[in-house]
Amino acid sequence: MTGGGALIISPDALLIKVIGLPDAEILIWRGLLTALGFIAIVVARHGLAAPLAYRRCGWTGIGVAVLFSFSTFGFVLGNQYTRGGNVLMILAGAPLIAALLSRVFLHERLPRRTWLAIFGCLLGIALIALDDAGSGSWLGNGFALLAATALAANFTLARTRPGVDMSPMLTLAGLIVAVAAGLYALLGPGVELPSGPSLLWLLVLCLVLLPLGFTLIQRGPLYLPAAEVGLLMLLEVVVGTLWVWWLLGERPAPAAFLGGALVLGSLLAKGLVDRRIERRRRAPDAAQHELC
């Protein structure tokens with residue numbers, strides 16, 4: 001579920017380039033349209049019980065929404081004030097931050113294979129970002145760190161309410177982003193809606209891809225530790241880089257190909273090991289069921 005969500009949102013960076021709006025405007029339309037998309041998903045899933053799905057999230061859900069909006073601002077503004085490679089390398093630390101937060105607040109222990117996968121992915125993301133990495137600015141690096149920390153804290157907070165789906169509260173996150181960006185835009189020349197193909201891609205991205213993908217990702221903490229959810233989100237970085245290369249001709253450096261292979265290989269190896277362990281655990285239960 002989490003991996004599928006990361007793949008669905010992987011064209012995010014590509015489509016932002018294609019749409020070509022200023023940061024404040026893309027944040028406003030991104031917030032408003034994703035909020036509508038999240039509402040549509042909640043209504044489709046819960047029908048007349050949709051208000052109950054929101055109410056079930058409680059204050060924890062409000063915290064999840066605020067943290068999610070912080071991660072959105074941090075990602076967009078980080079790319080504005082520092083190099084993209086710096087942002088990628090800092091965001092790759094989200095699984096480590098989530099692991100530390102989960103250990104301190106939830107007393108969750110991660111198996112050795114998860115730690116190995118985290119460090120393998122960190123090395124892979126560093127290779128992907130190597131071509132674009134630089135000193136950047138402290139402000140931009142700070143925004144990227146805000147994005148990574150808020151993302152990790154979001155998943156950790158969601159784990160404090162086992163069995164409660166926090167994805168409906170992403171509606172509130174979209175509204176927070178839209179209102180905050182709108183207040184900032186009031187100081188500028190105003191806000192315009194793009195036309196032609198840009199409008200079409202904006203609707204596809206913000207009404208369909210982001211709501212569907214982030215709904216799946218936000219459901220991840222129902223089944224996985226926060227660090228593993230953050231780990232699987234690194235798929236977005238690898239596949240998103242391939243999208244930009246394929247459609248815009250921005251060819252990655254040779255080291256980026258090696259880094260992408262390392263990230264995918266680490267995630268694949270961990271998935272195969274997890275699957276083998278799960279089969280071993282189920283084998284005695286299946287044998288017992290046959291005897292009964």
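1. A good place to begin is with how helices are named: helices are DSSP runs of H or I that hold at least four residues, and they are numbered from the N terminus. With that in hand, look at helix α12, which covers residues 234-248. W243 and W246 sit 3 residues apart in this helix, so about one helical turn separates them. Please keep in mind as you read that this is a predicted model.

2. Let us stay with those two tryptophans. W243 and W246 also form an aromatic pair, which is one of 3 such pairs counted here. Where do the ring centres of W243 and W246 lie relative to each other? They are 5.7 Å apart, centre to centre. The planes of the W243 and W246 rings make an angle of 35°, and the pair counts as tilted. W243 is partly exposed because its relative accessibility is 27%, a value between the 20% and 50% cut-offs. W246 has a relative accessible area of 63%, which is over 50%, so W246 counts as exposed.

3. Now follow W243 to a partner in another part of the chain. The side chains of W243 and S10 are joined by a polar contact of 3.0 Å. S10 is found in the loop between α1 (2-8) and α2 (12-19). Is S10 buried or exposed? S10 is buried, because its relative accessibility is 2%, which falls under the 20% cut-off.

4. There is more to see around S10. A polar atom of the S10 side chain lies 2.6 Å from the backbone oxygen of L7. Leaving aside residues up to four places away in sequence, which residues does S10 touch? They are E236, V239, G240 and W243. W243 is thus on the contact list of S10 and is also the partner of S10 in the side-chain polar contact.

5. Compare this with a second aromatic pair, made by W115 and F119. W115 and F119 are stacked, with 6.3 Å from centre to centre and 25° between the planes. Why are W115 and F119 separated by about one helical turn? They are 4 residues apart in helix α7, which spans residues 112-129, and that spacing is why the separation is about one turn. W115 counts as partly exposed at 29% relative accessibility, and F119 is partly exposed as well, with a relative accessible area of 48%.

6. Two loop residues are worth finding on the model. G20 is in the loop between α2 and α3 (23-46). At 55% relative accessibility, G20 counts as exposed. The C-alpha atoms of G20 and P194 are separated by 8.9 Å, while the two residues are 174 residues apart along the chain. The other residue is H107, which lies in the loop between α6 (94-106) and α7. H107 is not a glycine, although it has a positive phi of about 55°. H107 has a relative accessible area of 60%, so it counts as exposed.

7. Finally, take a look at the space inside. Rolling a probe the size of a water molecule over the atoms shows where empty space is left. How many cavities of 30 Å³ or more does the structure hold? The count is 1, and the largest cavity has about 30 Å³ of space. Which residues line the largest cavity? The lining is made up of H46, A53, R56, D165 and P168. By class, this lining has 2 nonpolar, 1 polar and 2 charged residues.

Note on methods
Residues are numbered from 1 along each chain as its sequence is written. This is a predicted model: local features need pLDDT of at least 70, side-chain atom pairs count only at pLDDT 80 or more; totals for chains, interfaces and linings use all residues. Side-chain values use heavy atoms; hydrogens and water are left out. On a 1 Å grid over the protein atoms alone, a cavity is a set of points where a 1.4 Å probe fits but cannot get out, and a pocket is an open set with protein on both sides within 12 Å along at least five of seven lines; lining residues have an atom within 4 Å of a point. Grid points are joined across faces, edges and corners, and a volume is the space filled by probe spheres set on the points. Ala, Val, Leu, Ile, Met, Phe, Trp, Tyr, Cys and Pro count as nonpolar, Asp, Glu, Lys and Arg as charged, and the others, Gly among them, as polar. Buried means under 20% relative accessible area, exposed over 50%, partly exposed in between (1.4 Å probe, protein chains only). A polar contact is a pair of N or O atoms within 3.5 Å; within protein, one must be able to donate a hydrogen and the other to accept it, and residues adjacent in sequence count only if both atoms are side-chain atoms. Contact means heavy atoms within 4.5 Å. Rings of Phe, Tyr and Trp (its six-membered ring) pair if their centres lie within 6.5 Å; planes under 30 degrees apart count as stacked, over 60 as edge-to-face and the rest as tilted.
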